[in-house]
Amino acid sequence: MDLALRFLPHAPGEYLLPLPQSLPGQEVAGVFLSQKPLEAYEARGTLWARFALREGEALELRFRLKAYPVRETPPWRRALLQEPPEAWPGILAHRGHKVERALGFLLSGRPHTWFLVDGAPLDPLLHQTLRENPPHLLPLGVAPDPGVYLGGHEGKRLLLMKAPWPGEESLLWQELRALRPDPLPPLRALAFASLGLSALGLPTGPWPYLPYLALLAFRQGPALKDLLPRSPRHALESLLFHAFALSVSLNPRPELGLGYLALFFWNRLRPSSATPPKSPEEA
């Protein structure tokens, strides 16, 4: 995957930014900087570079990333399940573990912060989010079990900077984006435009919708299959939506739309738990 990081300073001066490097869960190659750094060095497990930038002068860093999941089973993971996620870093630090903050991005482009405990990933935020909303990461093509985040992660992120915990350091990079255009947004626009025309009495047939559905199935199909046994109602919500959308362009089936709406509101009004009560996570 070819990616670019971007930083736009609001005032002239020198800026110290972390550079991507190969670490557990990510392989980085082909790094290209739009400007030569004044200096570069490694400190506390982070690769740093200093740049002199003028106001409004954007710095761009391009690189190739191969991200993959991390799966570790540290001895502390079972003890944490009896405690609230927001307390996990403090509990582990109190027990003598080395706790660091990890700053970077999810590959959706959203900045994200998690923790490293003796080097192993710990992500209380995504653990809790996926317990309440199992399909949260479907747009990234994954639907991991929440237990993954006690010692690992889903393999759809970029770690840029390690910082002490507790601490207030923030990431200066403002944007992470893919260099190649994503065909999904234009295909989605075409698909929904065809649905709108069909709803207005100008049938287009299923053909404008099928390329979007095929690409979505290619990207999210395996994750949806993983999600189905853990949270059937969330998986069925997505399937019912596309079944109803296809019916609009062929032979409208109101019962599919009503089924989708029922699941849509049910899934949002009733909290979920993606980990069954008798799973190994809580045994």
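In strand β6, L65 is the bridge partner of V28. Strands β3 and β6 (residues 59-67) pair in the antiparallel sense, and six bridges join them. The model is predicted. The points below cover two open sheets, the packing of helices, the largest pocket and two backbone details.

**The four-stranded sheet**

- The pair β3 and β6 belongs to an open sheet of four strands, ordered β3-β6-β1-β13, with antiparallel pairing.
- Which strands stand at the edges of this sheet? They are β3 (26-33) and β13 (175-178); each has a single partner strand, so one side of each is left without a neighbour in the sheet.
- On average, neighbouring strands here are turned by 30° against each other, direction ignored.
- Strands of a sheet pair through backbone hydrogen bonds, and the pairing may be parallel or antiparallel.

**The three-stranded sheet**

- A further open sheet has three strands in the order β2-β5-β4, and the pairing is antiparallel.
- The edges are held by β2 (13-19) and β4 (39-43), each with a single partner strand, so one side of each has no neighbour in the sheet.
- From one strand to the next, the twist of this sheet averages 25°.
- How many bridges join β4 and β5? Strand β4 pairs with β5 (residues 46-53) over five bridges, in the antiparallel sense.
- Among the residues facing each other here, A40 stands opposite A49 in β5.
- The bridge partner of E42 in β5 is L47.
- The hairpin of β4 and β5 has two residues between the strands, and R44 takes a positive phi there.

**Helix packing**

- Two packed helices are described by the angle between their axes and by the distance between the axes.
- α6 and α7 pack at about 150°, and their axes are 8 Å apart. Angles over 145 degrees count as roughly antiparallel, which makes α6 roughly antiparallel to α7.
- The crossing of α6 and α7 is left-handed.
- For α4 and α5 the packing angle is about 135°, with the axes 8 Å apart. This makes α4 oblique to α5.
- α4 and α5 cross in the left-handed sense.
- α4 also packs against α6, at an angle of about 50° and with the axes 8 Å apart. These two helices, α4 and α6, are therefore oblique to each other.
- The crossing of α4 and α6 is likewise left-handed.

**The largest pocket**

- The volume of the largest pocket is about 1300 Å³.
- Its lining is made up of 42 residues. Which of them lie nearest the centre of the pocket? They are L138, P139, L140, L184 and Q220.
- Three strands, β1 (2-7), β6 and β13, are among the elements that give two or more residues to the lining.
- The helices that do so are α4 (184-199), α5 (210-230), α6 (232-250) and α7 (254-269).
- These elements tie the pocket to parts described above: β6, β1 and β13 are strands of the four-stranded sheet, α4 and α5 pack together, and α6 packs with α7.
- By class, the lining has 20 nonpolar, eleven polar and eleven charged residues.

**Backbone details**

- Most residues other than glycine have a negative phi, and most peptide bonds are trans.
- R44 is not a glycine, yet its phi is positive, at about 55°. Where does R44 lie? Its place is in the loop between β4 and β5.
- Is the peptide bond from W165 to P166 cis or trans? This bond is cis, and its omega is near -5°.
- P166 is placed in the loop between β12 (157-164) and β13.
- Of the strands beside that loop, β13 is the one that stands at an edge of the four-stranded sheet.

How values were computed
Residues numbered from 1 in each chain as written. Predicted model: local features only at pLDDT ≥ 70, side-chain atom pairs only at ≥ 80, totals over all residues. Heavy atoms only, no water. Pairing = 2+ DSSP bridges. Axes fitted to C-alpha atoms, helices over the stretch in contact; angles between N-to-C directions. 1 Å grid on protein atoms, 1.4 Å probe; cavity = no way out; pocket = protein on both sides within 12 Å on 5 of 7 lines; lining within 4 Å. Points joined across faces, edges and corners; volume = space filled by probe spheres on them. Nonpolar A, V, L, I, M, F, W, Y, C, P; charged D, E, K, R; others polar. Parallel < 35°, antiparallel > 145°, perpendicular 65-115°, else oblique. Left-handed = near helix turned anticlockwise from the far one by under 90°.
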